[in-house]
Amino acid sequence: MMNDAVIEVEELRRAYADGFTAVDGVSFSVARGELFALLGTNGAGKTSTVELLEGLARPSGGMVRVLGHDPYTERRSVRPRMGVMLQEGGFPSDLTVAETVRMCAGCTSGARPTREALDLVGLTERSGVRVKQLSGGEKRRLDLALALLGRPEVLFLDEPTTGLDAEGRRDTWELVRELRDGGTTVLLTTHYLEEAETLADRLAIMHRGRIDVTGTPAEVTATRPARIRFVLPEDVPAGRLPLSLRAAADGRAVEIRTQRLQRDLSELLRWAEESNVELGALDARSASLEEAFLDIAARGAETVEAVETVDAR
Ligand SMILES: Nc1ncnc2c1ncn2[C@@H]1O[C@H](COP(=O)(O)OP(=O)(O)OP(=O)(O)O)[C@@H](O)[C@H]1O
C-alpha cells in the first residue's frame with residue numbers, strides 16, 4: 001500500500017448480529033487529495049463499509065486505517081480531522097439553520113464561522129429558518145455544511161446529493177471538486193452514476209459485500225464492450241452478414257457487443273454500402289459506466305475484476 005494513503009482498507013469484513021455478512025473482504029486505498037466513489041446496488045454494503053471507516057463500528061475482520069489510525073480504537077485522534085455526512089443527519093428540528101450550525105461549531109475545534117459554512121452550501125438566505133421548515137434538499141446541504149465545519153482533511157459523504165434538484169446537485173459537485181482541489185481527501189457513496197463519472201478520480205463498484213470492479217471511471221468503462229444495434233430489412237437474412245458479425249443476429253434484430261467498435265462498425269457499414277442494405281434503427285455506442293454497473297448488478301459476485309490494483313497517484 002502507498003505511504004500517503006489517507007484511507008487504507010484490507011480484507012475488511014462486517015457481520016451483523018444476525019449473522020449476515022454485509023462486508024465480505026473489501027480492500028482499497030485512497031490517496032491524499034483523491035476523490036474515491038463507492039458505488040453499488042441497493043444493500044451492497046456501502047454504508048456498512050463507510051461506517052467502519054468513520055469509526056462508528058468495529059470491523060468483524062480485516063484492517064482499516066484513516067490518517068494512519070484505527071478509526072474505532074483511536075477515534076479521538078482521527079475524529080477531529082474527519083468530516084462526516086451521514087445518509088440521514090439528525091439535528092433538532094426546532095432550531096434555526098444558523099443556531100444548528102452554531103451549536104455544532106461549539107463542539108468543533110477551529111470551526112469555520114457560521115456565515116462561511118452557510119455560504120459554502122448556499123444556505124445563507126435560509127439561516128433564520130427553522131430546520132423542520134427546510135426542504136429535503138436544503139437539509140442535505142445543511143448536513144454538508146456541518147460536515148465541513150472543522151475544515152476536515154478527509155471527508156465522508158454518504159449519498160450527498162440524494163433529494164437535491166439538478167441545480168443543487170451541480171452546486172454540490174462544484175463545492176466537492178473545490179474541496180478536493182484544495183487537498184481534501186473525499187470518499188463518496190452515490191447512486192448517481194453520472195456523479196461518480198464526473199467527480200471521481202477512482203471508483204469501486206460493490207455488489208453483495210464485495211468490490212466487483214475498481215479503477216478510474218475510464219478504466220472501469222473500458223472493461224465493458226461497446227454495442228452496435230440495428231434491424232435488417234425483411235428481405236435480407238442474417239446469413240448474409242459478414243461472417244464475423246453473424247453470430248450477433250437474433251432474427252432481424254442484431255446486437256453486436258465488441259471491444260473494437262470502430263473496426264466492427266466500419267466493417268458493417270462497408271458491407272451495408274456494398275450490399276445496398278439499409279440498416280434500420282442503427283445505433284452504435286461506447287460502453288458507459290451505467291453499462292458496467294448494470295452488468296455487475298445482473299451478474300453474481302463470483303468473479304472479481306481488478307483493472308487497477310496499484311494506485312497510479
Ligand atoms: N443492523 C443490521 N443488521 C443486519 N443486517 C443489516 C444491518 N444493517 C444493514 N444490514 C444489511 O446489510 C446489507 C448492506 O447494507 P448497507 O446499508 O451497507 O448497503 P448499501 O450499499 O449502503 O445500500 P443502499 O444503497 O441501499 O443504501 C443489507 O442487506 C442490509 O439489509
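**Exercise 1. The largest nonpolar core**

Task: In this predicted model, find how many residues the largest nonpolar core has and which of them have the most contacts inside it.

Solution:
- Step 1. Count the members. The largest nonpolar core has 62 residues.
- Step 2. Pick out those with the most contacts inside this core. They are I7, A37, L39, A145, L187, L203 and I205.
- Step 3. Ask which element gives the largest share. That is helix α5 (residues 136-148), with 6 residues of this core.
- Step 4. Look for another core. One of 6 residues lies apart from the largest one, and its members include I228, F230, L232 and L268.

**Exercise 2. One residue of that core**

Task: List what L39 touches, leaving out residues up to four places away in sequence.

Solution:
- Step 1. Start at L39 and set aside residues up to four places away in sequence.
- Step 2. Read off the partners. L39 touches T190, L193, A196, L203, I205, M206 and F293.
- Step 3. Compare with Exercise 1. L203 and I205 are partners of L39, and they are also listed among the residues with the most contacts inside the largest core.

**Exercise 3. Helix α11**

Task: Name the buried residues of helix α11 (residues 289-298) and say where around the axis they sit.

Solution:
- Step 1. Find the buried residues. In helix α11 they are L289, A292, F293 and I296.
- Step 2. Check their spread. These residues cover an arc of only 95 degrees around the axis, so they are on the same side of α11.
- Step 3. See what covers them. The cover includes the strands β3 (35-40), β8 (202-207) and β9 (210-215), and the helices α7 (193-199) and α8 (217-222).

**Exercise 4. The ligand shell**

Task: Describe the residues around the ligand.

Solution:
- Step 1. List them. They are Y16, D18, F20, A22, G40, N42, G43, A44, G45, K46, T47 and S48.
- Step 2. Sort them by kind. The shell divides into 4 nonpolar, 6 polar and 2 charged residues.
- Step 3. Find the element that gives the most. Helix α1 (residues 46-53) does, with 3 residues.

**Exercise 5. The whole chain**

Task: Sketch the protein chain by its elements, domains and box.

Solution:
- Step 1. Count the elements. The protein chain has 11 helices and 13 strands.
- Step 2. Divide the chain. The domain assignment gives domain 1 (5-221 + 292-298) and domain 2 (225-286).
- Step 3. Place the domains. Their C-alpha centres lie 44 Å apart.
- Step 4. Draw the box. Along the principal axes, the C-alpha atoms fill roughly 75 × 45 × 40 Å.
- Step 5. Add burial. Of the 313 residues in the protein chain, 36% are buried.

Technical notes: Residues numbered from 1 in each chain as written. Predicted model: local features only at pLDDT ≥ 70, side-chain atom pairs only at ≥ 80, totals over all residues. Near = placed C-beta within 6 Å. Helix = DSSP H or I, 4+ residues; strand = E, 2+ residues; numbered from the N terminus. Nonpolar A, V, L, I, M, F, W, Y, C, P; charged D, E, K, R; others polar. Core = buried A, V, L, I, M, F, W, Y, C linked by C-beta atoms within 7 Å. Buried ≥ 20, exposed ≤ 12 C-beta atoms within 10 Å, placed from the backbone. Contact = placed C-beta atoms within 7 Å. Domains from an automatic or database assignment. Arc of directions from axis to C-beta.
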